[in-house]
Amino acid sequence: MIKVIKGKYKNISLKVDYDYNLIVKAPKKVSDSFIQNFIISKQTWIDKQIIRLTDIKDFRKNYNFKDFVYLFDKGIECRENKKQFYENAFYFQIIPLVKTLAEQCKLSYSNVKLTNSKRIWGSLNNKKEMKLNWKIVILPKILIEYIIIHELCHGKEFNHSKNFWKLVSSYIKDYKIRKKLLERYSFLLNEKLY
Ligand SMILES: [Zn+2]
């Protein structure tokens, strides 16, 4: 299905959502024929997104969130108090890991907070407060490390500039592979786990 939303947008944008709907957001003044042509011109990109999404959906089948909790990508049978498990994992595993990695990399931060974002894994603001998505605990450790180091590097380079990625690669040589791998887990951000 194609959903066109016209509103106070500066530019025309395109997204394929998790149910394979095509979402087009466009400024009010843009004509329908312009939008149609725009969609046609983006067909290759749309096809790529659909393949990517199918890959993510296939990958999701490896998990059973009803009967298991996951820590560092390993399932543990659990049907009750899942929220407690994940919060404990966050406070007892992730927060100490941030401290260790910051020391190893000689990068600083002020504190770490848990977030519930449906969009991002982590962020670091200009006061160097790190927010990490609690679902991070489910990921393989190499991806958790990538996310934490990525955020720590924002303490020195705020944007995703060339220098930023250079800094990341000085700590994680294979960061590109990890970044790519992390995409497969993006379904988690929207997943209800308890
Ligand atoms: Zn970033």
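1. Domains first. In this predicted model, the domain assignment splits the protein chain into domain 1, covering 2–60, and domain 2, covering 68–190. Their centres, taken over C-alpha atoms, sit 29 Å apart. Five residues from domain 1 and four residues from domain 2 make the contact between them. On the domain 1 side, the residues that touch domain 2 break down into three nonpolar, no polar and two charged.

2. On to the overall build. I get six helices and eight strands in the protein chain. Reading from the N terminus, the order is β-β-β-α-α-β-β-α-β-β-β-α-α-α. The C-alpha atoms fit a box of roughly 55 × 45 × 30 Å along the principal axes.

3. A word on burial and contacts. The protein chain has 194 residues, and 18% of them count as buried. If you take the contacts with a separation of 6 or more, 48% come from residues 24 or more positions apart.

4. Now have a look at H4 and H6. Helix H4 spans residues 141–153 and helix H6 spans residues 175–184; their axes come within 10 Å and cross at roughly 105°. Angles of 65 to 115 degrees count as roughly perpendicular, so that is the label for this pair, H4 and H6.

5. Who makes that helix contact? From H4 you have Ile-142, Leu-143 and Tyr-146, and from H6 there are Tyr-175, Arg-178, Lys-179, Leu-181 and Leu-182. Sorted by class, the contact of H4 with H6 holds six nonpolar, no polar and two charged residues.

Methods: Residues numbered from 1 in each chain as written. Predicted model: local features only at pLDDT ≥ 70, side-chain atom pairs only at ≥ 80, totals over all residues. Axes fitted to C-alpha atoms, helices over the stretch in contact; angles between N-to-C directions. Helix = DSSP H or I, 4+ residues; strand = E, 2+ residues; numbered from the N terminus. Parallel < 35°, antiparallel > 145°, perpendicular 65-115°, else oblique. Contact = placed C-beta atoms within 7 Å. Nonpolar A, V, L, I, M, F, W, Y, C, P; charged D, E, K, R; others polar. Buried ≥ 20, exposed ≤ 12 C-beta atoms within 10 Å, placed from the backbone. Domains from an automatic or database assignment.
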